[in-house]
Amino acid sequence: MDTLSYKTVSANKATVNKQWLLIDATDQILGRLASKVAKTLRGKNKPNFTPHVDCGDNVVIINADKVKLTGNKLQGRIKYSYSGYPGGRHDKTMGEILEKDSRRLIEHAVKGMLPKNRLGAKLLRNLKVYKDENHEQEAQQPKKIDLNEIY
């Protein structure tokens, strides 16, 4: 038996094959969309996944305004931000965030599902979220995919 044929292949920056993917968030549930996008950004759907390398794809999400939340999350779930000063806590419901800037809601959900280190910050830069159909990545010719069929 040839032992040299059983070497573990580890991906690096030169051997990674990155693609541009286009995802339509219309009528998608926020948490399920975010988990699938985080998996794609990380590269866990590829056979040459390496935990310490950015081997995932670049993802463009359009129609962020049309994302859905289940249950009573629009009024019931509250996001807190704190300025650092006494009495500086600001409370916003998810419905208020969705009305003001729906891109932040998706980015925050995906960010929470990525690693909390330098690699996670680098992976988050591969995500582009837009409120409507128009996006700035036409030159990259992103391939439109349906997440419900892949995962």
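This section describes the predicted model of a single protein chain, from its overall make-up to individual helices, strands and residues.

The predicted chain has a mean pLDDT of 93, and 97% of its residues reach 70 or more. Confidence varies between the elements of secondary structure, with the lowest mean pLDDT (85) found for helix α6, which covers residues 147–150, and the highest (98) for strand β5, which covers residues 127–129. In total the secondary structure comprises six helices and six strands, and these elements follow one another along the sequence in the pattern β-α-β-α-β-β-α-α-α-β-β-α. The C-alpha trace spans about 65 × 35 × 30 Å along its principal axes. Of the 151 residues in the chain, 38% count as buried. Among the contacts with a separation of 6 or more, residues 24 or more positions apart account for 70%.

The packing of helices α1 and α4 was examined in detail. Two packed helices are described by the angle between their axes and by the distance between the axes. Helix α1, formed by residues 30–42, packs against helix α4, formed by residues 102–111, at an angle of about 60 degrees, and the two axes lie 8 Å apart. The two helices are therefore oblique to each other, a class that takes in angles falling outside the ranges for roughly parallel (under 35 degrees), roughly perpendicular (65 to 115) and roughly antiparallel (over 145). The crossing of α1 and α4 is right-handed. On the side of α1 the contact is made by L30, L33, A34, V37, A38 and L41, and on the side of α4 by L105, I106, A109 and V110. Classified by residue type, this contact between α1 and α4 consists of ten nonpolar residues, with no polar and no charged ones.

Two further residues of α1 illustrate contrasting degrees of exposure. T40 lies in helix α1 and has a relative accessibility of 2%, so that T40 counts as buried. When neighbours within four places in sequence are left aside, T40 is in contact with L21, N45, G56, D57, V59 and Y151. R32 is likewise placed in helix α1, but R32 has a relative accessible area of 57% and is therefore exposed. The C-alpha atom of R32 is separated by 19 Å from that of N126, a residue 94 positions away along the chain.

In helix α4, attention falls on S102. The relative accessibility of S102 is 1%, and because values under 20% define the buried class, S102 counts as buried. Apart from residues up to four places away in sequence, S102 touches A64, D65, I97 and K131. A buried residue is also found in strand β5, where V129 is located; at 4% relative accessibility, V129 counts as buried. The contacts of V129, again not counting residues up to four places away in sequence, are with I61, A64, R103, I106 and E107. A64 is thus listed among the contacts of S102 and also among those of V129, while I106, one of the partners of V129, is in addition one of the α4 residues that make the contact with α1. The C-alpha atoms of V129 and R104, which are 25 residues apart along the chain, are separated by 8.6 Å.

The loops were considered next, with regard to backbone geometry and exposure. Most residues other than glycine have a negative phi. D27, although not a glycine, has a positive phi of about 60 degrees. D27 lies in the loop between β1 (20–24) and α1, where a relative accessibility of 52% places D27 in the exposed class. A positive phi, near 50 degrees, is also found for Q141, again a residue other than glycine. Q141 belongs to the loop between β5 and β6 (143–145), and with a relative accessible area of 66% Q141 is exposed. The loop between β5 and β6 also contains E136, which is exposed with a relative accessible area of 65%. The C-alpha atoms of E136 and H90, 46 residues apart along the chain, are separated by 32 Å.

Methods
Residues are numbered from 1 along each chain as its sequence is written. This is a predicted model: local features need pLDDT of at least 70, side-chain atom pairs count only at pLDDT 80 or more; totals for chains, interfaces and linings use all residues. Side-chain values use heavy atoms; hydrogens and water are left out. Axes are lines fitted to C-alpha atoms, for helices over the stretch in contact, and angles run from 0 to 180 degrees between N-to-C directions. Helices (H or I, at least four residues) and strands (E, at least two) are DSSP runs, numbered from the N terminus. A crossing is left-handed if the near helix is turned anticlockwise from the far one by less than a right angle, and right-handed if clockwise. Contact means heavy atoms within 4.5 Å. Ala, Val, Leu, Ile, Met, Phe, Trp, Tyr, Cys and Pro count as nonpolar, Asp, Glu, Lys and Arg as charged, and the others, Gly among them, as polar. pLDDT is the predictor's confidence in each residue, from 0 to 100. Buried means under 20% relative accessible area, exposed over 50%, partly exposed in between (1.4 Å probe, protein chains only).
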